[in-house]
Amino acid sequence: MRDVIVIGAGGGGPVVAKELAAQGLDVLLLEAGPRHAKPREEWTTFEDDANNPLTGYLRWGPSDRDKPAWYREWPQNSFVWQLSGVGGTTQHFYGNYPRAYPGVFEGYDGPDRNGYDVDHRFPFTYGELVPYFEWVEATMPVMTAAMGHKEQTFFRGAETLGLPVQTTKTTHRPSYRPQENAILQPGGTAGKTADKDLLVYPKATGCTFCGYCFQGCMRPNGAPRNQFAKRSTDNSYVPMALTAEVWSRGGKPVELIADAFVTQVHTEKRHGVLTATGVTWRSGDTEHREDARVVVMSGGCTENPRLWFSSGLPNPNGWVGRGYTDHFFDWVFGVFGDYTGNPKGVGSSARLDYPPYGGLENVGLPPALAAFAGTLSDSGIRGHYKNGRGRTGPWDGPAGRVMGPELKEVLSHGMDRLLSVLVITDDDVEAQNRVTLSALPADENGPIPKVTFKQRQRTARTLRNREFMARKAAELLRGAGAEKVYRIDWAPLILHVQSSMRMGSSEQNSVVDPRGETRAVKGLFIADNSALSNGLGGPNPTLTAQALATRTAEKIFATYFDGDPWVRSSAPVVSTDPRISVRLAQLGL
Amino acid sequence: MVGARVHSRRAFLARVGVLGAAVGGGGLLTRSLLAPADAATDSLLPPAVDLIRPVLAELARDTLNGLTVFAMPGRDPYSRTQGTPSPTPGAIEAGATDFIINSLDNFVPFPDAIAQPVGSALVTGLADSGIALPGLEVLPVDLRRLDRALATYLESDEALPLSFPIAGLLNLMATQVNPLAVNGPHLSPFARLSYAEKAAAFELIERTDADLVELLDVQFPEPLKASVSGLLKFVGGALIEFATFGAYGESAVYDKVTRTLRKRPVGWNHTGYQPDGPVEGWDDFIGYYQGRQKVSD
């Protein structure tokens with residue numbers, strides 16, 4: 001009998017595991033995919049080897065790459081970019097750590113208060129979450145991002161839009177700034193040389209500007225795992241969870257089991273109340289079962305609903321899996337006459353926030369991913385067909401795929417003369433965007449999920465926000481000096497995922513109560529992006545999800561283990577702490 | 001009536017490309033090769049299946065060559081047929097067709113329970129689309145024999161390579177866009193299309209052509225019907241995205257054992273990516289915007 005079982009070692013699960021391990025609880029952390037304990041032996045820097053969603057080492061599938069990936073049904077042109085493995089999608093993220101906009105929380109009374117998704121706010125104030133933001137920011141640590149040429153190009157364009165520079169953690173108004181990134185900033189030789197021999201830890205510390213965020217961070221070469229530049233959870237929270245006894249008095253290291261796909265959450269009625277009792281997971285052909293006082297679901301926005309349904313758990317208000325938000329991304333890129341620095345440095349180190357519409361960020365991509373990004377569209381192929389859309393605006397020609405001869409011409413102009421801007425929409429929670437169980441055949445882990453997004457029938461506010469931000473992106477690129485600007489009108493590329501098991505004040509449209517516990521099953525908590533109440537207004541979700549998971553860990557400790565909260569009364573240990581590095585070396589990690 | 005059915009059956013096999021690939025001008029099977037199947041009893045059918053399997057594989061490869069040059073044209077014959085020849089290497093040299101075939105046949109976790117009926121639908125399904133196919137009579141026909149070999153193959157326990165139904169889908173749409181594509185250079189109707197016609201074929205797939213949905217959904221009971229036509233929308237987009245990803249990526253020159261590249265990928269040459277290969281880092285650190293290294297509320 002464990003104290004706590006956490007399902008999923010992605011962006012959220014390791015936060016709860018680390019926090020409760022620090023309090024001395026017995027925590028089991030289960031991860032469906034590979035451990036990736038030795039990235040220098042398992043990873044490369046190549047796009048197909050890393051990112052091919054079917055065969056790459058960063059894919060949604062089993063550790064054995066000779067076996068197919070895990071199939072999910074998407075009944076529309078879309079792409080849900082899930083990852084298995086310790087670190088989850090933080091393995092390929094860019095470490096962007098902006099805070100949620102204050103306008104998405106209860107109690108907000110700014111002049112733009114009616115401009116947000118007012119029906120689906122967080123059930124507490126922004127001020128309530130600030131100590132948890134600060135705790136995560138100090139743990140990672142989050143730092144103001146250094147500038148490379150692609151940031152310089154982005155800022156040159158942002159400077160023409162008449163907006164101020166944001167110099168606070170909190171976003172109060174439309175503004176632009178360097179990203180606040182969970183990336184260790186360059187030190188020593190890092191960022192100053194391309195000489196391999198000089199880019200070795202500790203001569204180089206922090207980000208070396210390699211440009212391989214999306215292929216997984218294992219730099220600087222020779223650094224301990226918890227000193228790699230990008231603070232994906234496999235480099236930050238997981239090392240802390242595994243070494244809790246050396247940095248927290250009374251701490252107890254977490255047991256982590258990879259290749260453990262949870263197929264069932266068990267419950268029983270206790271005093272008439274449905275209560276979680278444990279889980280069953282599959283490792284290869286073997287099934288295992290363990291019991292726990294508390295079970296935490298952190299499998300992500302697609303897998304949590306799937307596991308809920310396949311476990312036969314109740315869904316009295318019908319909201320399990322509903323309200324999935326994805327920031328309804330779009331992609332606008334410019335072709336420049338001069339060097340832009342793409343695709344060097346962190347994936348993104350510059351952003352523009354525009355509450356209550358959404359935001360923009362620059363993104364560097366290598367060639368195959370750039371080609372993929374240029375051909376994922378809901379607007380047909382430029383110059384040939386528009387699929388009923390193909391909007392025009394401050395970009396060149398109609399929106400749509402840049403394909404064939406045109407794509408070859410654009411990319412042959414030079415990767416380092418492009419600048420791409422990700423359009424991030426403040427999108428509404430909508431019941432129709434959801435996860436259900438597919439009628440297609442089950443896989444070895446049970447019935448598979450079906451992820452439905454009705455992108456053309458989204459709310460008027462969502463559609464308006466996306467058009468507004470796409471125009472801003474084009475204006476920014478023109479301001480930066482782009483000779484030609486393309487808008488792709490992406491089909492749903494579901495990379496920022498939120499709110500499919502949402503927390504809310506109303507029993508009518510939420511799965512999780514304001515403490516993070518599910519309304520239908522006691523002792524069962526949700527701690528990852530799926531518990532977020534909404535799409536945050538557009539900011540990248542990891543920081544807010546981790547802050548909320550930290551708060552949920554406190555609620556678990558207080559409710560089921562009679563403990564006291566710690567965030568307001570103590571100081572966090574930074575995840576780069578040398579005691580963690582020493583212990584990792586002893587563990588051979 | 002029988003004559004009409006044979007004609008429409010012939011039209012359908014021509015449209016998905018099987019007839020032309022097997023027995024058309026330059027076709028891979030001769031009547032004499034197919035003949036033993038005609039006389040065979042069940043126990044003697046496998047040789048016919050052995051004959052049809054490589055035909056279908058070559059048909060799929062040819063069709064997907066037509067797809068990958070659509071993503072990245074080069075100096076190959078397929079790009080010339082498409083009307084967009086390029087003086088520099090394209091998807092064929094980049095190995096994108098192998099990439100797509102390997103992905104479809106070995107790694108797309110598409111359940112056999114779906115792939116098999118879709119494949120059957122595309123070969124045995126409704127034939128009479130009402131589209132006149134000029135030149136059909138020039139295809140020498142040993143239809144019954146070919147059909148029997150195909151049916152045996154589809155009814156066998158062998159997992160159907162997904163590249164085959166995908167090729168069938170592209171060829172079916174190709175002949176919808178241009179009925180003349182049942183004859184011509186290359187093995188497959190899709191590879192015979194111009195660039196604009198290929199775009200028109202994808203337009204049909206993306207808007208989920210009603211005839212096609214009917215053809216596929218009829219093979220499935222509820223609640224799978226909507227799933228299959230929904231999948232088509234996804235497949236239409238995914239084929240394009242994967243073809244470009246494969247054309248600009250390193251898969252063709254990547255050595256899995258040494259985890260290094262055998263040579264510089266075509267896509268890297270075009271884009272100027274990493275002129276000296278993989279790096280540990282770059283000297284691209286300029287400083288901090290406005291000199292600010294820290295912010296607070």
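This briefing walks through the pockets, cores, chain B make-up and backbone oddities of the structure above. Keep in mind that you're looking at a predicted model. The largest pocket holds about 640 Å³ of space, and the largest nonpolar core runs to 133 residues. A few backbone spots in chain A are worth a look too, including a cis peptide bond between A:Met140 and A:Pro141.

**Largest pocket**

- If you're after space, the largest pocket offers about 640 Å³, and 28 residues line it.
- Closest to the centre of that pocket you'll find A:Asp48, A:Asp49, A:Thr55, A:Arg65 and B:Lys256.
- Two elements each give two or more residues to the lining: α3 (47-51) of chain A and α6 (96-107) of chain B.
- The top contributor is α6(B), which puts five residues into the lining.
- Sorted by class, the lining comes out as 11 polar, 10 charged and seven nonpolar residues.

**Second largest pocket**

- Next in line is a pocket with a volume of about 340 Å³.
- Its lining is made of 15 residues, and A:Gln76, A:Asp378, A:Gln455, A:Arg456 and B:Lys233 sit nearest the centre.
- Here the class split is seven polar, six charged and two nonpolar residues.

**Nonpolar cores**

- In the 133-residue core, the residues with the most contacts inside it are A:Tyr324, A:Trp331, A:Phe333, A:Trp490, B:Val18, B:Leu170 and B:Phe202.
- Helix α12 (residues 224-248) of chain B supplies the largest share of this core, at 11 residues.
- Setting aside sequence neighbours within four places, A:Trp490 has quite a list of contacts: A:Phe328, A:Phe329, A:Asp330, A:Trp331, A:Ala373, A:Leu376, A:Ser377, A:Asp378, A:Leu422 and A:Arg466.
- One of those partners, A:Asp378, also turns up among the residues nearest the centre of the second largest pocket.
- There's also a second, separate core of 88 residues, with A:Tyr97, A:Trp135, A:Leu242 and A:Ile580 among its members.

**Buried spots in chain A**

- Helix α9 (residues 367-374) of chain A is mostly covered, with eight of its eight residues buried.
- That buried set runs through A:Pro367, A:Ala368, A:Leu369, A:Ala370, A:Ala371, A:Phe372, A:Ala373 and A:Gly374; A:Ala373 is also a contact of A:Trp490.
- A:Gly211 sits in the loop between β8 (204-205) and α6 (237-242) of chain A.
- With a relative accessibility of 15%, below the 20% cut-off, A:Gly211 is therefore classed as buried.
- Although A:Gly211 and A:Asn342 are 131 residues apart along the chain, their C-alpha atoms are separated by just 8.7 Å.
- Beyond its sequence neighbours within four places, A:Gly211 touches A:Pro343, A:Lys344 and A:Gly345.

**A UniProt domain in chain A**

- An unreviewed UniProt entry lists residues 432-549 of chain A as "domain: Glucose-methanol-choline oxidoreductase C-terminal".
- Over that stretch the chain is 25% helix and 14% strand, and its end C-alpha atoms lie 26 Å apart.

**Chain B**

- Chain B has 13 helices and two strands.
- Of its 297 residues, 58% count as buried.
- Taking contacts in chain B with a separation of 6 or more, 71% come from residues 24 or more positions apart.
- One long-range pair is B:Val182 and B:Ala21, which are 161 residues apart in sequence but 9.9 Å apart in space, C-alpha to C-alpha.
- B:Val182 belongs to the loop between α9 (163-177) and α10 (195-206) of chain B, and its relative accessibility of 3% makes it buried.

**Backbone geometry in chain A**

- The A:Met140 to A:Pro141 peptide bond is cis, with omega about -5°; A:Pro141 falls in the loop between α4 (126-139) and β4 (143-144).
- Another cis bond links A:Arg219 and A:Pro220, with omega near 0°, and A:Pro220 lies in the loop between β8 and α6.
- A:Asp259 isn't a glycine, yet it has a positive phi of about 55°.
- You'll find A:Asp259 in the loop between β9 (255-257) and β10 (261-270), partly exposed at a relative accessible area of 34%.
- A:Asp562 also has a positive phi, near 55°, and is placed in the loop between α12 (542-560) and α13 (578-586) of chain A.
- At 71% relative accessibility, A:Asp562 counts as exposed.

Notes:
Residues are numbered from 1 along each chain as its sequence is written. Chains are lettered from A and ligands numbered from 1 in the order in which they are written. This is a predicted model: local features need pLDDT of at least 70, side-chain atom pairs count only at pLDDT 80 or more; totals for chains, interfaces and linings use all residues. Side-chain values use heavy atoms; hydrogens and water are left out. On a 1 Å grid over the protein atoms alone, a cavity is a set of points where a 1.4 Å probe fits but cannot get out, and a pocket is an open set with protein on both sides within 12 Å along at least five of seven lines; lining residues have an atom within 4 Å of a point. Grid points are joined across faces, edges and corners, and a volume is the space filled by probe spheres set on the points. Helices (H or I, at least four residues) and strands (E, at least two) are DSSP runs, numbered from the N terminus. Ala, Val, Leu, Ile, Met, Phe, Trp, Tyr, Cys and Pro count as nonpolar, Asp, Glu, Lys and Arg as charged, and the others, Gly among them, as polar. A nonpolar core is a set of buried Ala, Val, Leu, Ile, Met, Phe, Trp, Tyr and Cys residues joined through side-chain atoms within 4.5 Å. Buried means under 20% relative accessible area, exposed over 50%, partly exposed in between (1.4 Å probe, protein chains only). Contact means heavy atoms within 4.5 Å. UniProt positions are given in the numbering used here, feature names are shortened, and annotations may be inferred rather than shown by experiment.
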